[in-house]
Number of protein chains: 2
Amino acid sequence: MSSTAFTFDTEDVLFTYFDQLRIHERLGECERYADFDRDIYETVVEELYKLARDVFAPINASGDREGCSLDDEGNVTVPKGYKEAWDQMREGGWTAPRAEPELGGGGMPSVIGAFFSEVMSGANMSLQMYVGLSTAAARVIRKYGLEQLAKPVAEKIFTGEWGGTMCLTEAGAGSSVGDNRTKATPSPDEDQVWLLEGEKIFITGGDSNLVSNICHLVLARTPGSPEGTKGLSLFVVPKFWFDPATLELGERNGAHVLKLEHKMGIKGSATCVLGLGSRGPCRGWMVGKEREGIRMMFDMMNEARIGVGIQGLAAGSAAFQYARSYVHERVQGTSLKQIRDPEARRVPIVQHPDVRRMLMDQKVLVQTMRAMAYRLAMTDDIAEAHPDEDTRAKLHRRVDLLVPIVKSMCTDLGFNVAVTGVQIFGGYGFTQEFPVEQLVRDAKIQSIYEGTNGIQALDLLGRKMRMEGGRLFMEWMQDAKAEVEAAQTEGFVDQASALGKAIDAVAAAAMHIASVGQRDIEEAMLQAVPFLNAFGYTVLGQEALDQARVAKKKIADSGETNFLKGKLLNLDYYVATYLPHVIASSKAIRAGNVSCLDPALFTE
Amino acid sequence: MSSTAFTFDTEDVLFTYFDQLRIHERLGECERYADFDRDIYETVVEELYKLARDVFAPINASGDREGCSLDDEGNVTVPKGYKEAWDQMREGGWTAPRAEPELGGGGMPSVIGAFFSEVMSGANMSLQMYVGLSTAAARVIRKYGLEQLAKPVAEKIFTGEWGGTMCLTEAGAGSSVGDNRTKATPSPDEDQVWLLEGEKIFITGGDSNLVSNICHLVLARTPGSPEGTKGLSLFVVPKFWFDPATLELGERNGAHVLKLEHKMGIKGSATCVLGLGSRGPCRGWMVGKEREGIRMMFDMMNEARIGVGIQGLAAGSAAFQYARSYVHERVQGTSLKQIRDPEARRVPIVQHPDVRRMLMDQKVLVQTMRAMAYRLAMTDDIAEAHPDEDTRAKLHRRVDLLVPIVKSMCTDLGFNVAVTGVQIFGGYGFTQEFPVEQLVRDAKIQSIYEGTNGIQALDLLGRKMRMEGGRLFMEWMQDAKAEVEAAQTEGFVDQASALGKAIDAVAAAAMHIASVGQRDIEEAMLQAVPFLNAFGYTVLGQEALDQARVAKKKIADSGETNFLKGKLLNLDYYVATYLPHVIASSKAIRAGNVSCLDPALFTE
């Protein structure tokens with residue numbers, strides 16, 4: 001059945017890229033991307049979609065059923081077919097679309113990387129994680145690693161010959177990364193080499209048979225370093241030791257997978273407990289300067305968090321695609337208008353209003369999340385590459401502000417959209433004959449890792465809203481209001497006005513919380529998640545409005561299509577359905593209820 | 001760790017039973033329950049909790065991992081330990097607390113059955129389903145079966161020697177039950193015996209090694225019967241044929257499990273494809289009169305739907321209990337007030353405001369859902385057993401109105417509460433070391449089976465709201481308003497006023513939809529789910545208010561306790577957090593957006 005076949009809404013991606021965001025024009029202003037034109041981007045979209053559909057998707061369910069296995073030597077075997085898919089991706093040169101071409105990458109902007117992540121993760125989240133984490137580690141090594149290591153190791157990873165991991169979490173140090181206990185001491189025998197001791201948990205791709213070597217990026221504390229995050233340094237710890245000059249692999253290093261986690265989802269992704277030094281000496285090289293580990297991690301954080309947001313989007317987007325196909329296949333009941341006639345024609349469920357309501361909800365959320373996440377990726381690209389310093393600075397501020405929103409909204413709503421997918425499939429959705437239940441299970445981790453969504457909200461409210469005296473938020477509001485005004489002149493009077501009220505409601509909530517925060521930090525931070533959500537729904541509303549404006553112009557230019565009309569319908573649905581709840585959330589925040597802080601509750 | 005040990009909030013159950021609902025007094029007015037007093041009920045609660053904790057819960061995770069298996073003869077083997085637990089339950093006489101004592105039951109009211117279902121399902125939903133479905137089938141047989149069968153067969157099932165199933169769904173007949181294709185023809189050889197042919201799917205407990213025989217209740221169409229639901233009759237089809245006089249088992253009947261579904265959750269519950277007549281003749285007796293199958297099913301429907309609602313409550317309630325224990329065990333980070341001090345004491349996560357916010361949300365939803373669901377069960381008890389006819393009739397109307405709300409809200413919110421449980425557990429919540437991820441997987445089916453929540457909403461809006469010219473809703477509103485007024489005189493001025501506004505908002509939404517419905521049924525029914533939710537949140541708000549009123553009186557009488565103060569805090573949280581969204585939902589409904597019905601969307 002076609003509802004079990006992976007598809008992707010490339011029409012929406014192309015609209016978002018070229019009609020809405022106009023990436024070919026805006027990125028063209030940056031020298032780094034001057035050579036890319038619309039044709040190239042379109043070809044990349046097409047090729048990546050094929051790879052996702054033909055190579056990644058077919059082994060998604062089987063990988064889930066089989067999972068990973070661990071042998072006594074700490075070697076992980078990934079599910080059948082993963083290695084072949086990995087190699088096909090390598091052959092196509094797709095392991096690192098964004099990395100610099102001289103190191104084997106495609107030199108593409110992040111906004112293209114966003115599609116890469118969405119389509120690959122939607123097709124097979126577990127397999128995509130090996131790619132995503134490896135290249136993230138490689139970028140850190142590339143940027144901060146020892147000179148003799150940086151480029152050659154990064155190249156090995158970008159080309160998919162080696163892998164990489166990020167080793168932050170420990171049993172007692174999850175959200176509280178500063179509580180890391182792993183130790184690093186200078187090797188008495190070798191220059192520039194450190195010996196590591198400790199245990200890291202929840203290490204994604206901590207080992208695999210996809211690659212011949214793995215470079216673990218490990219946060220650890222050097223002798224005499226202070227407690228907390230400021231005492232942490234970063235190390236690259238290879239599975240097999242190697243000579244940086246030749247990159248030839250030497251002896252097995254003392255970094256061993258001790259255990260695989262059994263998880264609700266992403267079963268094809270090896271989530272490892274990694275022992276450092278427990279089965280023989282564990283050697284590593286320092287990355288960057290001592291005690292600057294956290295700074296480097298923070299430096300990669302925006303990118304990583306956008307990446308997880310896009311994973312959330314991917315779960316929702318894949319679920320919506322499966323559902324929009326299934327509703328034509330599945331025949332059940334009659335039209336509501338003929339419900340009393342037992343002889344009436346049976347109809348595909350797409351004709352039932354409540355099914356259409358669920359599909360609409362999926363569609364609007366997926367398409368606005370996509371616009372929001374892709375826009376943020378493009379903003380990040382321009383913030384890095386634009387010739388004008390002020391433009392770069394302003395865009396960096398915008399990225400800082402919106403990263404926690406994209407991470408949190410896309411993972412929460414992506415999960416919800418996947419859950420709606422199960423509901424549309426009915427009883428079948430609960431079975432493993434159809435791919436939607438796996439999407440739900442796979443997606444659930446996204447609201448937790450890379451900073452839980454609670455941590456994102458603290459980051460937004462406690463850091464981003466307060467940076468530079470609130471400038472980030474003020475700038476956003478100014479731009480948002482300007483869009484509202486422009487939309488009003490274009491005929492979106494009611495819709496823009498509703499969005500304007502939502503923006504005001506978010507601002508009012510922000511003011512209220514700021515004033516509470518001067519009195520009591522806990523009371524203020526209690527509203528962090530509700531505030532992020534109210535803000536996030538408003539940002540999604542901006543995208544709905546923006547897409548409708550673009551669609552309206554395009555319709556005026558070249559006529560109406562179902563797709564373009566769909567963007568106008570999206571806006572009206574969003575304004576009617578979601579914006580009233582932003583007002584309600586703001587009201588709830590300002591009600592300032594602190595029931596849960598009462599010491600009478602949740603006693604031991 | 002205690003966060004992996006099943007616990008139950010019996011304090012809240014006792015408060016709900018004896019302080020809020022006063023079941024011992026109200027049921028005492030019904031002769032049928034006159035012999036039960038508070039002591040008996042308390043003992044039952046205690047004993048059932050022990051059974052759930054000590055017998056059901058310990059095999060919950062192992063049953064999930066192992067699942068069920070099917071042999072070539074169509075025999076299902078359930079997970080290890082299930083049979084022993086089943087037998088222990090039988091020995092204790094707990095298989096059918098509500099059935100009549102002369103047939104092996106406990107003669108208890110439904111409101112006690114609600115606790116039975118909640119605690120057992122929270123401990124082990126898969127295992128509990130064998131109990132729940134069997135007794136439901138037995139009640140139908142008891143009430144409508146052939147005289148020579150009714151009592152003896154019901155007794156066999158009530159005592160857990162035999163099992164029972166409900167066989168409604170077919171591949172082309174899920175929500176649209178009238179599309180059933182299974183045929184029943186009179187046996188040419190035997191009086192009163194019918195021969196069945198067809199295939200039923202999603203049959204819970206379609207076979208198991210828990211019992212020596214299984215009676216399937218099968219909907220099928222007899223020769224010459226019309227299309228649709230009105231042509232369906234009901235049959236009891238045993239796994240092993242038997243002589244009704246002796247109940248001795250004879251030959252294997254032609255009802256065979258052809259396949260087990262592989263599911264997201266409830267893996268210990270055998271979900272079967274049941275072939276009727278495909279491996280030899282399948283014989284059955286008719287239950288009730290010909291073509292009255294649907295009426296009998298409808299007759300059991302309220303009870304079954306309340307039961308599924310309680311399963312949803314159970315998932316949420318179990319998740320909350322695990323979480324409230326875990327937050328004391330898990331140490332992570334420092335108090336927000338000391339976040340800049342790396343030397344600050346590390347605290348259990350219960351001290352973090354956002355964790356407390358999540359716990360609060362769980363607590364309020366679980367406790368108000370419990371009150372709502374238990375109250376409905378009690379209402380059903382009194383509606384059946386009260387000496388006064390008018391009282392019975394009014395309470396029947398109330399049950400009819402609220403059943404879809406209880407089914408839908410408790411399953412959707414129970415699932416959400418379980419998801420919140422995973423979030424509180426963080427990365428560990430995603431692993432199978434802790435029980436919360438299984439709760440999420442197990443619970444997902446509840447919003448789908450026994451009438452999807454979309455069907456519930458259609459039932460509410462299309463049937464219940466229109467019955468007797470809207471009388472059911474008007475009566476509810478009158479009573480709700482009276483409660484609001486009473487609460488205002490007791491000092492809950494603001495909270496009652498907020499609830500009053502929510503009631504008005506629901507009424508306004510109902511009026512709006514009714515007027516739309518006169519013009520376009522599809523436009524009206526598009527709002528069915530949003531309407532049910534707005535109504536449902538208002539009903540939960542009623543329970544929050546009612547519990548606070550009861551708690552306030554009790555505090556005045558006998559002093560404040562943490563528990564009682566918690567009920568006052570619940571109300572304030574609920575009013576601040578949820579009621580503004582009821583107003584917003586009503587606004588969204590009245591906005592009347594019909595985007596999704598546009599034919600431009602969701603084309604093939």
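**Two buried residues and the relation between the chains**

Leaving aside residues up to four places away in sequence, B:Gly500 touches B:Lys481 and B:Val484. In this predicted model, B:Gly500 sits in helix α15 of chain B, which spans residues 493-519. Its relative accessibility is 9%, and B:Gly500 therefore counts as buried, the cut-off for that class being under 20%. B:Leu439 offers a point of reference elsewhere in the chain: 61 residues separate it from B:Gly500 along the sequence, and the two C-alpha atoms are 35 Å apart.

A second position worth a visit is A:Asn180, found in chain A in the loop that links β3 (162-167) to β4 (183-186). With a relative accessibility of 0%, A:Asn180 also falls under the 20% limit and so counts as buried. The surroundings of A:Asn180, again without residues up to four places away in sequence, consist of A:Leu168, A:Glu170, A:Ala173, A:Lys200, A:Leu219, A:Arg221 and A:Leu232. A polar contact is found here as well: the A:Asn180 side chain reaches the backbone oxygen of A:Val177 at 3.0 Å.

We can now turn to how the chains are arranged. In general, a rotation about an axis, together with a shift along it, relates two copies of a chain. Here, chain B is superposed on chain A by a rotation of 180 degrees with 0.0 Å of shift along the axis, at an RMSD of 0.0 Å. This is the relation of a two-fold axis. Both copies use the same surface, as 100% of the contact residues of chain B recur in chain A.

Notes:
Residues are numbered from 1 along each chain as its sequence is written. Chains are lettered from A and ligands numbered from 1 in the order in which they are written. This is a predicted model: local features need pLDDT of at least 70, side-chain atom pairs count only at pLDDT 80 or more; totals for chains, interfaces and linings use all residues. Side-chain values use heavy atoms; hydrogens and water are left out. Helices (H or I, at least four residues) and strands (E, at least two) are DSSP runs, numbered from the N terminus. Buried means under 20% relative accessible area, exposed over 50%, partly exposed in between (1.4 Å probe, protein chains only). Contact means heavy atoms within 4.5 Å. Copies are superposed by least squares on the C-alpha atoms of residues with pLDDT of at least 70 in both. A polar contact is a pair of N or O atoms within 3.5 Å; within protein, one must be able to donate a hydrogen and the other to accept it, and residues adjacent in sequence count only if both atoms are side-chain atoms.
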